Amino acid sequence: MKPDKDINSVNHPCFNVNARKRFGRVHLPVAPRCNIQCRFCDRKFDCVNESRPGVTSGVLSPYQALVYLEHVFEAKKNISVVGIAGPGDPFANPSQTMETLRLVRQAYPEVILCLATNGLAIAPYIDELAELDTGHVTVTVNAVDPAVGAEVYAWVRDGKRVVGSQAGAALLMERQLAAIRALKKAGIMVKVNAIMIPGINDHHIVEIARTVADLGVDIFNCLPFHENKGSAFALIKEPSAADVAAVRKEAGAYIRQMTHCARCRADAVGCLGDAQDTGLMAKLKACEHMPEVPDSVW
Ligand code: SF4
Ligand code: SF4
């Protein structure tokens, strides 16, 4: 196992709260498909008015993403992190994800590469992620008990096999925990996100924190459920700030807490929480420098 890096010294605005005002991140939306169905998820493409995960103004091919990145670096000088956070899951779109990371690493040897995934299908790619010096990976773990997981996930697709309810949740959980172990062994800094969903898994978040702390996870991000009329959880309300704070405090006994998450879009760019950090790609999409996606890409 490689020695851990010091989280306080990384220039990643999500992992290190002290870096959040100085450094920005850009998400490249190259991964439209997903391999699981979270009951709270409603992905929206081509939306410029909503700010939450799963929403993007467009989907880019790896080559388009590289062209877009040139514009981003010209427009914003403090970007330290290039990440892939959907709008689906990076490893439900592995060729697009890995090609993008290779292109970015080749063009920008110094940049921090980052990924956010549900962890189901990352395992075969961890060695190459380490070779590409991918510094940071976020795995979203909403349950470490299949009975709770069955409430959160409608199904899980493993290759051509679709597994429903509790068996699907059990498979996902097993893959997530194995992936976290392998990522840590490869020397990659790992954050775990857990969406706190009232009445579904809010009583279980501390147990998730305790479990992933034992695996050496670097930081834990308990995110409040985002009300979403288009999802199966349309009637569930966002938890109160006090309830989220209480869970974070309890979970903090086991693992460092992230408390500054901005619940970003899949095409966010700039510093966390910047009011105008979502529109750059919308403008560039129409620009003459943006190549069309060839049909063969999909
Ligand atoms: Fe949506 Fe992400 Fe869940 Fe996939 S893993 S269903 S993109 S929230
Ligand atoms: Fe960072 Fe949270 Fe935004 Fe992800 S959603 S990039 S963890 S601030």
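The following conversation walks through a predicted model of one protein chain and its two ligand surroundings.

Trainee: What kind of model is this?
Mentor: It is a predicted model.

Trainee: How many helices and strands are in the protein chain?
Mentor: The protein chain holds 8 helices and 12 strands.

Trainee: And how much of the chain is buried?
Mentor: Buried residues account for 57% of the 298 residues. The accessible surface of the chain is about 12,900 Å², and carbon and sulfur atoms make up 51% of that surface.

Trainee: What share of the contacts comes from residues 24 or more positions apart?
Mentor: Counting contacts with a separation of 6 or more, 75% are between residues 24 or more positions apart.

Trainee: Let us turn to the sheet. In what order do its strands lie?
Mentor: The open sheet has 7 strands, in the order β11-β10-β7-β6-β5-β1-β12, and the pairing is mixed. Its edge strands are β11 and β12, each of which pairs on one side only.

Trainee: Which strands pair with β10, and in what sense?
Mentor: Strand β7, residues 134–140, pairs with β10 in the parallel sense over 5 bridges. β10 and β11 also pair in the parallel sense, over 6 bridges.

Trainee: Which residues stand opposite each other there?
Mentor: Between β7 and β10, Thr138 stands opposite Lys191, and His136 stands opposite Met189. Towards β11, Val192 has Phe220 as its bridge partner.

Trainee: Is β10 covered on one face or on both?
Mentor: Both faces are covered. Met189, Lys191, Asn193 and Ile195 are buried on one side, while Val190, Val192, Ala194 and Met196 are buried on the other. In total, 8 of the 8 residues of β10 are buried.

Trainee: Where does helix α6 fit in? Which of its residues are buried?
Mentor: Helix α6 spans residues 205–214, and its buried residues are Ile205, Val206, Ile208, Ala209, Thr211 and Val212. Their cover includes α5 (165–185), β10 (189–196), β11 (219–224) and α7 (241–251).

Trainee: What happens just after α6?
Mentor: Gly216 takes a positive phi there, of about 90 degrees.

Trainee: Now the core. Which residues touch the most other members?
Mentor: The largest nonpolar core has 55 residues, and those touching the most other members are Val26, Leu28, Val82, Ile180 and Phe220. Helix α1, residues 62–75, gives the most to this core, with 6 residues. Another core, of 19 residues, lies apart from it; Val163, Leu171, Ile200 and Ile236 are among its members.

Trainee: What does Ile180 touch?
Mentor: Leaving aside residues up to four places away in sequence, Ile180 touches Val139, Val141, Val190, Val192, Val212, Leu215 and Val217. Two of these have come up already: Val192 is buried in β10, and Val212 is buried in α6.

Trainee: Why would nonpolar side chains gather like that?
Mentor: As a general tendency, nonpolar side chains in soluble globular proteins are buried together.

Trainee: A change of topic: which residues surround ligand 1?
Mentor: Cys34, Ile36, Cys38, Phe40, Cys41, Arg43, Pro87, Gly88 and Asn118 surround ligand 1. By class, this shell has 6 nonpolar, 2 polar and 1 charged residues.

Trainee: And which residues surround ligand 2?
Mentor: The shell of ligand 2 is formed by Cys14, Arg25, His27, Lys191, Met258, Cys261, Ala262, Arg263, Cys264 and Leu272. Those residues divide into 6 nonpolar, 1 polar and 3 charged. Lys191 appeared earlier, as the residue of β10 opposite Thr138.

Terms used: Residues are numbered from 1 along each chain as its sequence is written. Chains are lettered from A and ligands numbered from 1 in the order in which they are written. This is a predicted model: local features need pLDDT of at least 70, side-chain atom pairs count only at pLDDT 80 or more; totals for chains, interfaces and linings use all residues. Side-chain values use heavy atoms; hydrogens and water are left out. Helices (H or I, at least four residues) and strands (E, at least two) are DSSP runs, numbered from the N terminus. Buried means under 20% relative accessible area, exposed over 50%, partly exposed in between (1.4 Å probe, protein chains only). Contact means heavy atoms within 4.5 Å. Accessible areas come from the Shrake-Rupley method with a 1.4 Å probe; for residues, only the protein chains shown count as cover. A residue is near a molecule or strand if one of its heavy atoms lies within 4 Å of it. Ala, Val, Leu, Ile, Met, Phe, Trp, Tyr, Cys and Pro count as nonpolar, Asp, Glu, Lys and Arg as charged, and the others, Gly among them, as polar. A nonpolar core is a set of buried Ala, Val, Leu, Ile, Met, Phe, Trp, Tyr and Cys residues joined through side-chain atoms within 4.5 Å. Two strands pair if DSSP finds at least two bridges between them.
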